[in-house]
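Please look over the sequence and the fold below before reading on. The paragraphs that follow take up strand pairing, then a pocket, then a helix and its surroundings.

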Amino acid sequence: MGDTVLIKHGTVHDAVVEKPYAADILIENGKITRIEAEIDAATLRVGTNVLDVTGMQVYPGFVEAHCHLGLDGYAVGFEGADYNEMTDAITPQLSAVDGLNPQDESIRLAREGGVTCVAAGPGSSNVLGGTFTVYKTVGKRIDDMVIKEKAAMKCAFGENPKLCYKEKEIYSRMTTASKLRVMLERAKDYLARKEAAGDDVLKQPPYDPKLEALIPVITGELPLKAHAHQANDIYTAIRIAKEFQVGLAIDHCTDGSLIADGLAKEGYPVAVGPTLTHASKFELKNKSFETPGDLARAGCQVSIITDSPVIPQQYLALCAGLAVKSGMDAFEALKAITINAARHIGVDERVGSLELGKDGDVVVADGNPMVSDTNIKYVLIDGEVVYSEP
């Protein structure tokens, strides 16, 4: 954890109250301990690092709810990427933490762009891809960076599983949904047999790593993280989640504007993006920066995502700014890359806002970081200054 740090004279955007305010922030042992109008540095312990940020804007560290940062290597091409296992359409036993590379240059770039916490995991080639991991964007060993090793179970609908396995076992959306149902049903049966056997190892079902990995999904400890662009795919994900009474978060949500009111009634969190790209396939034809604003106005909990490396991670705030340009409320856009994103991945008790007791993850900028000409001056993670503008 970092030493004592006092951030003085900044304008605070805490992602909790809409109106920014002048305040000092004290971080001790990696946690925010005081947010007050004035904190006298002379009353603090010797050696306190005082950052005078007069005239600057202070934000929570930005949070990405869905990406592949550290699994897709910087400047290594498709051959070096580790985020898709395309030998088997069903791989729930895989864990992102086993593939993440903290030495990758893209993590440094993300950090310098103010992104302090990300959920990274398998891509969308598979019906079930494995678990996403949440980690901080500083460190040399992933074990020391992780704050939630298993945050969600990736599943995918739509074109990607079809394209990847068209010559093998998946030709239609119906097959994708069927395969997911089969695995969830098998996991329910596997769990029931384990519970019935109790401590009698001779009655236990044979060990199955795929079904073991799905037990936390069945018990409600681990939500499905559904890759879904088209409206029908989104509703298929919801239909299956309800059938099996499991948790669900919807990622991409490209057709969100078409069904915004319906999604608001359902209440599942939605993450929108990557939007700063071409509509490269027909299921992306409704891609628009208006979508996050439409969903937020309907009452959805909205996150904005880069899906890095699709959009470089350091441009997360810029994507939020483009949503504002397309009509999204500015405060909702800030929440979409801070507290809403943290809630989406289940780590909002630690990150996503500037509040007492939360991690000292802070971004200091000379203006609004959602605007392209703004410069980030400092980035702090767990109370340590991990970037300062040269």
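Two strands are said to pair if DSSP finds at least two bridges between them. With that criterion in hand, and keeping in mind that this is a predicted model, one can begin at strand S9, which covers residues 146–156 and pairs in the parallel sense with strand S10, residues 224–228, over 4 bridges. Within this pairing, cysteine 155 stands opposite alanine 226 in S10. S9 also pairs with strand S8, residues 128–136, here in the antiparallel sense and over 6 bridges, and in this case threonine 131 has methionine 153 of S9 as its bridge partner.

From the strands we turn to the open space in the model, where the largest pocket has a volume of about 430 Å³. It is lined by 25 residues, of which Tyr83, Ser124, Asn160, Asp307 and Val310 are the closest to its centre. Sorted by class, the lining of this pocket comprises 13 polar, 8 nonpolar and 4 charged residues.

The last stop is helix H9, which spans residues 316–325 and in which Leu316, Ala317, Cys319, Ala320, Gly321 and Ala323 are buried. Which elements cover the buried residues of H9? The cover includes two helices and three strands, namely helix H8 (290–298) and helix H10 (330–336) together with strand S6 (62–67), strand S7 (115–120) and strand S13 (302–304). Just after H9, glycine 327 takes a positive phi of about 115°.

Notes:
Residues are numbered from 1 along each chain as its sequence is written. This is a predicted model: local features need pLDDT of at least 70, side-chain atom pairs count only at pLDDT 80 or more; totals for chains, interfaces and linings use all residues. Side-chain values use heavy atoms; hydrogens and water are left out. On a 1 Å grid over the protein atoms alone, a cavity is a set of points where a 1.4 Å probe fits but cannot get out, and a pocket is an open set with protein on both sides within 12 Å along at least five of seven lines; lining residues have an atom within 4 Å of a point. Grid points are joined across faces, edges and corners, and a volume is the space filled by probe spheres set on the points. Ala, Val, Leu, Ile, Met, Phe, Trp, Tyr, Cys and Pro count as nonpolar, Asp, Glu, Lys and Arg as charged, and the others, Gly among them, as polar. Buried means under 20% relative accessible area, exposed over 50%, partly exposed in between (1.4 Å probe, protein chains only). Contact means heavy atoms within 4.5 Å.
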